[in-house]
Amino acid sequence: ADGYVTQYSLDQVTWSAESTTSKPSKYFYSLSAGKTYFVRVRSFEFDAKYNKVYSNYSQVFKADTCPDIVTSLTQTGATNNTVTYAWNAVAGATGYALYKALPSDTYWTEVGKTTATSYTLTVPANSKYAVAVLPYRNAANANNLCAAYDETSIYCFTSPSAPNGLAVSAGNPKTSTLEFYWEPTSSINNTDGYEIEIYQLNKNG
């Protein structure tokens, strides 16, 4: 063949303008993420008057573009040994591959896959973990995955340990004050500060 003509379509009804190449390969640019495209190609030869003589189009081939990345990953909850995080759905994604890493880790560890848009990860108590979400799409013509070009990651923190040893010192009757104290927890326990609540019992309490 002297050349090839290629076209692509999302519905096999409306096709792109024909694109000509002299090589038996073709890149298509600026396609939409997370879509199934249909592609066809035909060859041509030049006749004696340099007119193109075309073959029939090939069989249509289905191919998928990869989904886009996650853009809204946030931590939504925590206990002392779990972190929960969520993200917005990505158009065209079949599911999401999940990863975790300690701050000192060099590589990600895969946690699993989910079709949901939130996940609760069990981790050691009083810990800080990086979590990452990578959207993927099942390829139309192969039993493999087409993943987004990059994962989205954040740090998640477990809730701090509860303080122990809560007690009250002697009050000051002149100022009607009470001083409370407890055993401190540290930043190692994901503690940045303390909140204290006081409830007044009724006279019959």
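Ser30 sits in the loop that joins strand 2 (19-21) to strand 3 (36-46); strands here are DSSP E runs of at least two residues, numbered from the N terminus. Although Ser30 is not a glycine, its phi is positive, about 60°. Ser30 is exposed at 79% relative accessibility, where exposed means over 50% relative accessible area, buried under 20%, and partly exposed in between (1.4 Å probe, protein chains only). The model is predicted: local features need pLDDT of at least 70, side-chain atom pairs count only at pLDDT 80 or more, and totals for chains, interfaces and linings use all residues. Residues are numbered from 1 along each chain as its sequence is written, and side-chain values use heavy atoms, without hydrogens and water.

Tyr50, in the loop between strand 3 and strand 4 (52-54), also is not a glycine and has a positive phi, of about 65°. Its relative accessible area is 60%, so Tyr50 is exposed.

The interior comes next. The largest nonpolar core (buried Ala, Val, Leu, Ile, Met, Phe, Trp, Tyr and Cys residues joined through side-chain atoms within 4.5 Å) has 14 residues, of which Val70, Tyr85, Trp87, Tyr96 and Val133 touch the most other members. At least two residues of this core come from each of strand 7 (82-86), strand 8 (95-101) and strand 11 (128-138). Strand 11 contributes the most, three residues. A separate second core has six residues, among them Ala97, Tyr99, Tyr136 and Ala148.

Nonpolar side chains in soluble globular proteins tend to be buried together. Ile198, in the segment after strand 15 (180-183), is exposed instead, with a relative accessible area of 63%.

How values were computed. Helix = DSSP H or I, 4+ residues; strand = E, 2+ residues; numbered from the N terminus.
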